[in-house]
Every structure is written in C-alpha cells, then in structure tokens.
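Work through the exercises below with the sequence and the model side by side. Try each task before reading its solution.

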Amino acid sequence: MGRTDYLDKLNDKQKEAAMYTEGPLLILAGAGSGKTSTMTCRIAYLIREMDVHPYNILAVTFTNKAAKEMRDRVQKLIGEGVNMWILTFHSACLRILRRHAELLDYGRDFAVYDPTDQKTVVKNICKELNIDTKKFTPSYFLSIISHCKEQRISAREYNSIYGTDFKEQMVGQVYDRYEKTLKKNNAMDFDDLLLKTVELFEENEEVLLRYQDRFQYIMVDEYQDTNMIQYTFLRLLADARDRDGNVRRNICVVGDDDQCIYQWRGADIRNILEFEKDFPGAKTVKLEQNYRSTANILAAAHSVISHNRGRKAKKLWTDAEDGNKIIYYNADDEKDEARFIASEINRIAGPDVLTGSPGGEDYRQFAILYRTNAQSRTFEEALSTRGIPYRVLGGLRYYDRKEIKDMMCYMRLVQNRADDLALVRIINEPKRGVGGKTLEKLRTLAQVREVSLFDVLLDDDVIASFSSKVSENLKALAGLIESYGIERDNMKISDLYDGLLVNSGYMKALEEQHTVEAESRLENLMEFKSVIVGYEKEDPNMNLAEFMERIALLADVDNHDTEENAVTLMTLHSAKGLEFPYVFMPGMEDGLFPGWRAFDREDGLEEERRLCYVGITRAKKRLWMTSARTRTLYGRTDYTRESVFLRELDSKLLDGDSVYEKKDRRTEGVFRDGVSERIPIKPFDQLKYAQAQTKRKAEAMAKAAGQSFAAGDKVSHAKFGEGTVLEVSGQVIRIEFKDQVRKLALGIAPLEKL
C-alpha cells in the first residue's frame, strides 16, 4: 500500500475528517456512513503522515467488540505490535487506577466487583439493617447507587439532599455501608472505575498532567452515548496545554445525535449537541453519504427524524438506486401481523414450489425488530408453524425466559403434584428461605419414603422441623398448589393463572424490585396471559392439561445456533450497530411504539423517534412496517391507533395499506367482553393496567372465599354460570348448575352470591 493509498478509499467528507488533526473535531456520522473507516484512517494518518507516536493516542469506545474491531483495522493500516490504547472507557480507567490506586488510599491489587458481587454486598447489608429484601431488593438499591455515582452524588451528599422520608433514609444507610464495605475490602464496582479516575485527576495534578502529556490526541466513538462522568473524564484529559501555554484540546468525537437511544441508561444527549459550545473553535464534519441503504429507506428515515427538535441538521443521502418503497401492512390483529411477516419471509426465502429449488435469499438476511421483548412470542409461533428457523438475539426465546418457565412450573404442579422437577424450580421462586440443605433434606425423605417431594411438603411433622419462617412459607406453597389442584378443572385457565401469579407472591416480588429487568419480566408474564386468553377464545372448554400439552409441544422447538441460517428476532435497542438486507418493524402503534411513557416526558417522544430512526436505517434493501387494528397485549384486547411515526412518514414512500389521518377510533368509552370498544386518546400504561386487573381478579376470588354459603343459596360461577347450592361440607361446596352438578373448593372457586 502506498503512503496515502488508504485515504483514497474515503469520500471527500471522510477524508476531510481524517486529515483534520489539530483542535477539537466533531464528526457527525449518520447511520451507515463509514465512521469506523474514517476513525481508523484518521489514526493511521496521525501516525504515518503527522509522525505522532502511537503512545500519544487514546481511542475509547463503549464495547470490547468495537475496540477490538478498531484495533484490528488500525493494525492492518500501520502494522502489528503498536503500543496504543484503543480501549473501552472502563478498561482505560482500570489501567490508570492500577498504577495510581495508592493515591486514593487503595491497594493496586484492588478487586473489581461485578453485579453478582454487588448484590451479595447489599444482601449482607440488608441483613445487618433488618431490611426485608422482598420489599426492597438489592437491585433496587444498586440502581439508585449507580445513578448517584453517575451524577457524582456521594452517600453523604445523598443523605443531606434526599434523606427526608423513610425510603430515602434507608437508601442512604445502604449506600453509606455499601461504600464503606467496598473500601474495607479494597474493591471498586464498575461505576467506581470511572468515578475514581476522575477523582484521581482532580485531586492529583501531577497525575493529570502526566496523562494529558501522554494522550495528546483523543478519539471517542459513540459520543452521543456518554454520560456526565465520562464527559468529565474526557474533558479533564482534553484540557491540556502545549509548551506555549495554549490549551491544546486535540479531541475528536464521533457520533450521531439521531441515534442516542440510551438516555434511560444515563446517556446525556447534550454532550454531543453542545460539543461546539464546550470546545470553542471546534470543527464539525458531517458524514451524510450512506453506504448501507437504498434511497427510499433513507428518505423514510429522514421524514421521521426531521420531526425532532433536539438534533443537529443533517440528511443522509446515497448514490444507490431508489429501491422498493416501504411496505406497510395494517393487520387485523397480532396473529395476522405475525402470519403476514412469516409469509413474506417464506415468499422471498422459501423454496420455489414449482421448481423445488431453494429460495433466493438466506434466512439470516431477515430481521424482525420489535419494541418490547413480549412481542417476540407471536413471531416465534408463526415462524415455527412454517418451519422457518429463527434465533432470538439479545435474549431468550419467549418460552425459554425464566419467568415464563417459573409460572409454567406452578401450573405443571397444579396439574401434576408428582412433578418434582417443577417443584424444585419454584420452591424458592419467589424467595422462601429454602436453601440447599433444606431441599436436600426434603429430597432424602422423598427417596426414603418413595413418594414425591410435594407429598413430603404435606407432612406437618417434617415441615415443623425447619425454622418458623421456612415452615410457614412451605405450608403456604403446599396449600396453594393443593387448593388449585382440586379446583383446576372448574376454573378458566386465565383465572387460575391470575391466582397463582398473585397468591404465590411472584408478581409482588418483581414489582418491588423497581428495575428495568423486573419490569421486562412483568411484561412477559402479562403477555403470557395473552397466550392463555387466545387459547380460551379458540376453545372455551379447554382444560389445564390440554393447555399445558399444547404449550409444551410449542415450546419444544430447538434453539438455533447463532451461526445457523436463521431469521433474527431482536429488540430495536439491541439492533443498534447491525444491518440486514430485509427488516420488519412490527407493532407500529401509539402506546406500543412509541411506548406510552414517551407521552409523559418532555423528551420521551424524541428518544422513541430516534429509536424508530435506528430501526429504519438497519435495512439495506427492503423494509416492512406493520401494525394491528386490534392487539391483545398482557391479556387485554384493544383497538389501536397507528403510530405517530407512521403518520410522520412521507406517504409517497409507502406501498400497501394507507395510513389513516382523519379516521380515529380512539375516544373515551367502555369495555365489553374484554375488548375495548373505545379507548382513551392518550396511550395508557398497559402493563400497569394488566397487573392491576390480575390483582383485582385474585382479590375478588379471595373475597368470594370469605363468603358463607348455605344450601339453597343462588350463586354465580365465572365458568359455569348461575346455580343453586345443594350442600356445604368443610371446604367443599356442591352446586347444581343448569346441566350439571359440581363439587367445588371453597376459597378458590370464583363464586359470587346472588
């Protein structure tokens, strides 16, 4: 390769950015505009043409994968064995702290605690402070502590600012002890790696000057995703002075404000929007030529993102052909939506029915990008039905998710008390204080007596041998399963599910975690209700055994290897940085995408719109957008309104169904038979509504359980209708309905006295 041949591969704007070396530089790199090539060529230019020593260059990224890719590309341009820091933020800070930890009163061999270690520390603290970890989980405390560290709020400052009520005082105590425990153990967490490095620089001028002198050229990838502490770290290094006393600020940041989709994780979009203000005299180079998508896809992306106010003006363009228009399909419901997408994939990639030859495209070239994990279920079912291989990236297949497997095990136990495997899985889900020794004792007794584990739980003498708390919890679990086992064929499956979810404590345990992960699990559990309701509509007489059999067969599809020729299913957040020839974006409805929360925050809709932009620009050749006129989500069926993003999209770029503008079904109204005829104009919190409905149903059942019944009473049953009480004996009630006499379990049967 000639001395500057590598620059010839760049377009004019890329070359301008690569060759601008002195002073602050902002490279606004649109999606698919070749930012990695520009950055690596800039590093090569600094070393090969400007004679900058690799030792004096720092390049920071967010992921190890991105750092490795950049290192590999740079080495191809300048040769192997270059002593240069191309690292993630955390790796760079760890290197610095290993050399200077003693200045912060840490040993250089300090430990770095991962999330599991952090939870263990907080659990121990909660135990010391007698905090109920069922009400206030370690994850709850750690999320607040992490946010405080990002904002540089110490435990002492937190207590002085927020310690006004019981909860805040409790958080302050845990935060304070957490910090003291880490210090005592000569340990830091991941947030500390950034925070302590900034403290090191601010408190030790000699150390700061040393690294300012070393890193004379700083490059930052994905700058739009930096938070406050990362910004401070970069600012301290960049505010260096040359030998003449002039501020050098040779910092080059690369990013795209239109792809800032992690504000919920601490990213501060102001860092990129105000770069020229923070670094006066900064040069801005816009990379607007796209090498990924067709012209129509780019035009669609721009027609949506241009509605954002908080962005820098730019517009992607391409030399590529216009390509196909964006296909829009307005489905009848979510099942029709999934069927349409599966059939489109099958049409393009499936075998030719006339010639028998394989399809023209590999399945791996297709991606279905959805807003929430709970949406994946209908696509998995539709693809499985057609024998189309798929893989769920960034998560498990719907039926493989922990919370779904847990609740299915509760239902399996109700159906079959001898299912030891199911009992072992849920005996401590949620936490009941059942440790390994307790479980081993139960197993040993079951083996000796040649009975099931559940039968051992029914032995009061055995249960009494454990601590009072464990004994009480195990009795409650056994009673729960036994009661629903008696009543299972007399209940709608959805009622049984609601009762198990609430009365087992599973829902409450997740609600009290107050974390993004817990909310995602709740979404999946509420969506499982949609599965149940769907089967009940198809077959109102389906019993629990038949339902579990169907789910077991459906869920028994093998997972696909990541290298397999398979359709990719993933969330829009996970798709950032990837690209696919064929992309489907389902669920384009207000309240789903954009999500309902977007309408409650001033900048919420703008971040959702950036997420839509990211999704659109993942497509290289073809893009489909779909919505459903009615959608059953979390067990509730609603009419929907097509997404505001669809209405913003230039109609000239759309093919297929038309997006309505004047027609709007959404007005305030009532609900009948589980389907809302009219719903509020403003999207509501569907998850919270579904959780509340589940609790109300369980509470109503509990209330009914407290009623007293006598022979001759007229009653109503959720499944069998109206009837007359014939006899009440202990916990069993015998009722004559229209065409049958049933024995039901008091306390579980959904009865209402008329």
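**Exercise 1.** State how much space lies in the second largest pocket, and find what lines it.

*Solution.*
Step 1. The space in the second largest pocket is about 1,100 Å³. A pocket, on a 1 Å grid over the protein atoms alone, is an open set of points where a 1.4 Å probe fits, with protein on both sides within 12 Å along at least five of seven lines; lining residues have an atom within 4 Å of a point. The volume is the space filled by probe spheres set on the points, which are joined across faces, edges and corners.
Step 2. The lining has 31 residues, and those closest to the centre are Lys-123, Thr-133, Thr-137, Pro-138 and Lys-431.
Step 3. Two or more lining residues come from each of helix H6 (115–128), helix H7 (138–150), helix H25 (506–511) and helix H26 (516–538). Helices (H or I, at least four residues) and strands (E, at least two) are DSSP runs, numbered from the N terminus.
Step 4. H6 gives the largest share, 8 residues.

The model is predicted: local features need pLDDT of at least 70, side-chain atom pairs count only at pLDDT 80 or more, and totals for chains, interfaces and linings use all residues. Residues are numbered from 1 along each chain as its sequence is written, and side-chain values use heavy atoms, leaving out hydrogens and water.

**Exercise 2.** Decide whether helix H15 (residues 295–305) is enclosed or open, and name what covers its buried residues.

*Solution.*
Step 1. Buried means under 20% relative accessible area, exposed over 50%, and partly exposed in between (1.4 Å probe, protein chains only).
Step 2. Because 10 of its 11 residues are buried, H15 is largely enclosed by the rest of the structure. Among the buried ones are Asn-296, His-302 and Ser-303.
Step 3. The cover includes strand S9 (326–331), helix H29 (604–616), strand S14 (619–628) and helix H30 (644–648).

**Exercise 3.** Locate the cis peptide bonds at Pro-430 and Pro-594.

*Solution.*
Step 1. Glu-429 and Pro-430 are joined by a cis bond with omega about 5°. Pro-430 sits in the loop between helix H19 (420–426) and helix H20 (436–449).
Step 2. From Phe-593 to Pro-594 the bond is also cis, omega being near 10°. Pro-594 belongs to the loop between strand S13 (580–585) and H29.

**Exercise 4.** Is Asp-105 buried or exposed, and what is its phi?

*Solution.*
Step 1. Asp-105 is exposed, at 61% relative accessible area.
Step 2. Its phi is positive, about 65°, although Asp-105 is not a glycine.
Step 3. Asp-105 lies in the loop between helix H5 (89–100) and strand S4 (111–113).

Notes: Contact = heavy atoms within 4.5 Å.
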